[in-house]
Amino acid sequence: MIVNADTTAWEERGTVRVVEPVRSRKLAKVPFVELAEGRLQGVVSSGSDIARVYVSAIAADSHALSCGTNNNRPCGGSHGYACKHLQALVKEAEIQYGVERVARYLGVEVGEDGGVLAGLRTAPAGAPVGGVFSRFLRHLAYLERADSKAPLPEMAWFPATGAVAG
């Protein structure tokens with residue numbers, strides 16, 4: 001494989017390896033967290049309503065914050081600083097990916113407390129709530145599938161990396 005100076009090896013492949021979490025985490029409060037599309041983003045459960053979730057994000061370049069419900073209502077606690085949903089998102093990202101990786105992705109210095117939040121230069125902004133929530137729902141659909149070794153049609157475009165004995 002030839003990799004030029006502008007791309008990394010994983011960008012040249014059709015698949016991306018799954019990164020194991022740094023530490024195991026509970027999924028009840030933050031069921032979905034990812035470093036994607038230039039943002040730390042994810043889904044955070046509401047503390048007061050079991051039927052409500054928040055889609056929260058921090059932009060890597062500007063540290064713009066966004067937090068709102070899955071039906072596009074803004075978070076009541078987000079006023080240009082990290083609300084409790086964003087704080088929970090960062091905490092779980094640090095568990096999932098490690099403090100150093102999250103800090104490097106967001107472009108911040110780790111604070112004196114050893115966390116990412118202290119290094120953010122925050123500003124309010126909107127986030128693509130629909131896109132993040134849609135990916136979360138797609139991940140949930142895979143959890144509801146019965147165990148099977150049969151191929152998934154929607155995953156057929158991934159190249160086979162090896163045969164599995166059935």
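Partly exposed, for a residue, means a relative accessible area between the buried range, under 20%, and the exposed range, over 50%. Aspartate 49 fits that label at 28% relative accessibility. The model behind these values is a predicted one.

Start with the overall layout. The protein has 166 residues, and 36% of them count as buried. Its secondary structure amounts to 4 helices and 5 strands, and from the N terminus the order of elements is α-β-β-β-β-α-α-β-α. Among contacts in the protein with a separation of 6 or more, 49% link residues 24 or more positions apart. The accessible surface adds up to about 10800 Å², with carbon and sulfur atoms supplying 55% of it.

Strand E2 (residues 39–45) is a good place to look inside. This strand is largely enclosed by the rest of the structure, because 7 of its 7 residues are buried. In a regular strand, side chains alternate between the two faces of the sheet. For E2, both faces turn out to be covered: one side carries Arg39, Gln41, Val43 and Ser45, the other Leu40, Gly42 and Val44, and all are buried.

E2 has strand partners too. Strand E1 (residues 32–36) runs antiparallel to E2 and is joined to it by 5 bridges, with phenylalanine 32 standing opposite valine 43. The two strands make a hairpin with 2 residues between them, and glutamate 37 in that turn has a positive phi of about 55°. E2 also pairs with E3, again in the antiparallel sense, over 7 bridges; here serine 45 has valine 53 as its bridge partner.

Further along E3 (residues 53–59) comes serine 56. Serine 56 counts as buried because its relative accessible area is 0%, which falls under the 20% cut-off. Leaving aside residues up to four places away in sequence, serine 56 touches Leu40, Gln41, Gly42 and Val44, along with Ser66, Cys67, His85, Leu86 and Leu89. Leu40, Gly42 and Val44 from that set make up one of the two covered sides of E2.

Now for the charged pairs. Side chains of opposite charge can pair when their charged atoms come close. The structure holds 2 salt bridges. One of them brings together the side chains of arginine 39 and glutamate 37, at 2.6 Å from N to O. Its two ends sit in unlike surroundings: arginine 39 is buried at 16% relative accessibility, whereas glutamate 37 is exposed at 52%. This pair ties in with the hairpin, as glutamate 37 lies in the turn and arginine 39 belongs to E2. Arginine 52 and aspartate 49 form a salt bridge as well, with their closest N and O atoms 3.5 Å apart. Arginine 52 is partly exposed at 30% relative accessibility, and aspartate 49 is also partly exposed, at 28%.

What about the cysteines? The structure holds 0 disulfides. Cysteine 67 is in no disulfide, its nearest cysteine sulfur being that of cysteine 83, 3.6 Å away. Looking from the other end, cysteine 83 is likewise in no disulfide and has the sulfur of cysteine 67 as its nearest, at 3.6 Å. The pair does not count as a disulfide because the two sulfur atoms would have to be within 2.5 Å. Both residues are buried, cysteine 67 at 11% relative accessibility and cysteine 83 at 3%. Cysteine 67 is also one of the residues that serine 56 touches.

Methods. Residues are numbered from 1 along each chain as its sequence is written. This is a predicted model: local features need pLDDT of at least 70, side-chain atom pairs count only at pLDDT 80 or more; totals for chains, interfaces and linings use all residues. Side-chain values use heavy atoms; hydrogens and water are left out. Buried means under 20% relative accessible area, exposed over 50%, partly exposed in between (1.4 Å probe, protein chains only). A salt bridge is a side-chain nitrogen of Lys or Arg within 4 Å of a carboxyl oxygen of Asp or Glu. Contact means heavy atoms within 4.5 Å. Accessible areas come from the Shrake-Rupley method with a 1.4 Å probe; for residues, only the protein chains shown count as cover. Two strands pair if DSSP finds at least two bridges between them.
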